[in-house]
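Student: I am new to this structure. Can we go through it with a few short questions?

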Amino acid sequence: SPSAAANFDIAVLLAVPGLINLVQGLSGNGIGRLICGVAAIAYGLLLARDGIHIKKTGRPAMPQSRMLVLGFVFLSIYMVGLYLKHAG
């Protein structure tokens, strides 16, 4: 089962480049950067939420299968952002 510490670590690792991309996207450096930033921050927040729930209850907030699917959804959105970022 996932640990709260691992979720928090990954959330922080996603938040740093996510914030950089988000700020760059909002300052007019392309929609791709904005999409990458939003996807990374959204998944980071989901992991942080799950980590908080694990700390409080000892159990994840959602089944691992659903978290895995959501991870792939956010990764897909991120990849679209990367494509737009480098295609233009």
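Tutor: Start with the surface. This is a predicted model. The accessible surface of the chain comes to about 5600 Å².

Student: What share of that accessible surface belongs to carbon and sulfur atoms?

Tutor: Take the accessible surface of about 5600 Å² as the whole. The part that belongs to carbon and sulfur atoms is 69%.

Student: What percentage of the residues count as buried?

Tutor: Buried here means under 20% relative accessible area. The chain has 88 residues. Those that count as buried make up 28%.

Student: In what order do the elements run from the N terminus on?

Tutor: The chain has zero strands. Its secondary structure comes to three helices. From the N terminus on, the order is therefore α-α-α.

Student: How far does the C-alpha trace span along its principal axes?

Tutor: Three spans describe the C-alpha trace, one for each principal axis. They come to about 45 × 20 × 15 Å.

Student: Which element gives the largest share of the largest nonpolar core?

Tutor: That core has eight residues: Ala11, Tyr43, Leu46, Leu47, Ala48, Met62, Met67 and Phe74. Two elements give two or more residues to this core: α2 (31-57) and α3 (64-87). The largest share is four residues, and the element that gives them is α2.

Student: Which residues is Ala11 in contact with, leaving aside its neighbours within four places in sequence?

Tutor: Ala11 belongs to the largest nonpolar core. Contact means heavy atoms within 4.5 Å. With those neighbours left aside, the partners of Ala11 are Gly44, Leu47 and Ala48.

Notes
Residues are numbered from 1 along each chain as its sequence is written. This is a predicted model: local features need pLDDT of at least 70, side-chain atom pairs count only at pLDDT 80 or more; totals for chains, interfaces and linings use all residues. Side-chain values use heavy atoms; hydrogens and water are left out. A nonpolar core is a set of buried Ala, Val, Leu, Ile, Met, Phe, Trp, Tyr and Cys residues joined through side-chain atoms within 4.5 Å. Buried means under 20% relative accessible area, exposed over 50%, partly exposed in between (1.4 Å probe, protein chains only). Accessible areas come from the Shrake-Rupley method with a 1.4 Å probe; for residues, only the protein chains shown count as cover.
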